[in-house]
Amino acid sequence: KRGGTESNYFSFARKKTTDKIIINDEVLKVTGTSWIDHEFSSNQLSEEQAGWDWFSLKLDNQVEIMLYQMRLKDGGIDPFSSGTLVLPSSEAEHLRLSEFSIEPQSQWTSRKTGITYPAEWQVTLPEYQTRLRVVPDIAGQELSNLRSISGSYWEGSVTVRGTYRGRPVEGKGYVELVGY
């Protein structure tokens, strides 16, 4: 909660998923897991905030990580930014901003809107000996000129590689970048 804005959030990170996909009249059964989340908020941003970076990462060791950082107009990160680490036991641990970092490593500029977004990140959770490289599966995952937010943002699939508690991990995830 900051300056009259409030955001509440929930996730179901390991929902068993079964369905079918039809391609050229061929029915293919699919199974897997899905990440379902929802945010309830009073306002999108306070006057001091420029936007947010949100990460949902599913690692192959059954650990899930959700992080968000609210970016401030002065270039800083809002101290109310936080995250959640979900262990294989399903126990969830709250992460304060001081317990993680998200560092952009490169950028991508949209030909359609001219907006430049971060395009690769180093995510670090020092207390958990975790260092992850997060890379978009496709650079151009921008949603442009949307009436629902009066603008454009980048939202898409990512691949994760790195270490968790010093051991190699891989994973998949989803990133949302708003306010660039």
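Which residues is Gln122 in contact with, leaving aside its neighbours within four places in sequence? In this predicted model, they are Ser101, Ile102, Glu103, Gln105, Arg131, Leu132 and Arg133. The legends below begin with the whole chain, and Gln122 has a view of its own further on.

**Figure 1. Overview of the protein, a predicted model with zero helices and 12 strands.** Read along the sequence, the elements follow the pattern β-β-β-β-β-β-β-β-β-β-β-β. The protein has 180 residues, of which 38% count as buried, and its accessible surface comes to about 10,800 Å², with 49% of that area belonging to carbon and sulfur atoms. Among contacts with a separation of 6 or more, 47% are made by residues 24 or more positions apart. The mean pLDDT of the protein is 88, and 88% of its residues reach 70 or more; among the elements, strand 9 has the highest mean pLDDT, at 98, and strand 10 (residues 142-146) has the lowest, at 78.

**Figure 2. The largest nonpolar core of the protein, with 26 residues.** The residues with the most contacts inside this core are Phe55, Trp121 and Val134. At least two core residues come from each of strand 3 (49-59), strand 4 (64-72), strand 8, strand 9 (130-136), strand 11 (151-164) and strand 12 (167-178). Not counting residues up to four places away in sequence, Phe55 touches Ile65, Met66, Leu67, Ile102, Trp121, Val123, Val134, Tyr174 and Val175. Apart from the largest core lies another one, of eight residues, among them Trp52, Trp54, Met66 and Met70. As background to this view, nonpolar side chains tend to be buried together in soluble globular proteins.

**Figure 3. Gln122 and its surroundings in strand 8 (residues 116-125).** Gln122 counts as buried because its relative accessible area is 13%, which is under the cut-off of 20%. The side chain of Gln122 reaches the backbone oxygen of Leu132 at 3.4 Å, and Leu132 is also one of the residues in contact with Gln122, together with others including Arg131 and Arg133.

**Figure 4. The hairpin of strand 7 (residues 101-109) and strand 8, which pair in the antiparallel sense over eight bridges.** Within this pairing, Ser101 stands opposite Thr124 in strand 8. Six residues lie between the two strands, and Gly114 takes a positive phi near 80° in this hairpin. Ile115 also has its place in the loop between strand 7 and strand 8, and Ile115 is buried because its relative accessible area is 17%, under the 20% cut-off. Leaving out residues up to four places away in sequence, Ile115 touches Trp108, Thr109, Ser110, Glu142, Ser152 and Tyr180. Ile115 and Trp154 are 39 residues apart in sequence, and their C-alpha atoms are 9.6 Å apart in space.

**Figure 5. The hairpin of strand 5 (residues 82-86) and strand 6 (residues 92-96), which pair in the antiparallel sense over five bridges.** Gly83 stands opposite Leu95 in strand 6. The hairpin has five residues between its strands, and in the turn Ser90 has a positive phi of about 80°.

**Figure 6. Two loop residues with a positive phi, Asp25 and Arg165.** Most residues other than glycine have a negative phi. Asp25, although not a glycine, has a positive phi of about 65°, and Asp25 is found in the loop between strand 1 (7-23) and strand 2 (26-41). Asp25 is exposed, with a relative accessible area of 76%. Arg165, likewise not a glycine, has a positive phi of about 50° and has its place in the loop between strand 11 and strand 12. Arg165 is partly exposed, with a relative accessible area of 43%.

**Figure 7. Ser34 in strand 2 and the residues that Ser34 touches.** Ser34 is partly exposed, with a relative accessible area of 23%. Not counting residues up to four places away in sequence, Ser34 touches Phe12, Ala13, Arg14, Lys15, Thr17 and Lys58. Ser34 and Phe12 are 22 residues apart along the chain, and their C-alpha atoms are separated by 8.1 Å.

Technical notes: Residues numbered from 1 in each chain as written. Heavy atoms only, no water. Helix = DSSP H or I, 4+ residues; strand = E, 2+ residues; numbered from the N terminus. Buried < 20%, exposed > 50% of the residue type's maximum accessible area, 1.4 Å probe, protein only. Polar contact = N/O pair within 3.5 Å; in protein donor to acceptor, adjacent residues only side chain to side chain. Contact = heavy atoms within 4.5 Å. Areas by Shrake-Rupley, 256 points an atom, 1.4 Å probe, with all protein chains shown as cover. Core = buried A, V, L, I, M, F, W, Y, C linked by side-chain atoms within 4.5 Å. Pairing = 2+ DSSP bridges. pLDDT = per-residue confidence, 0-100.
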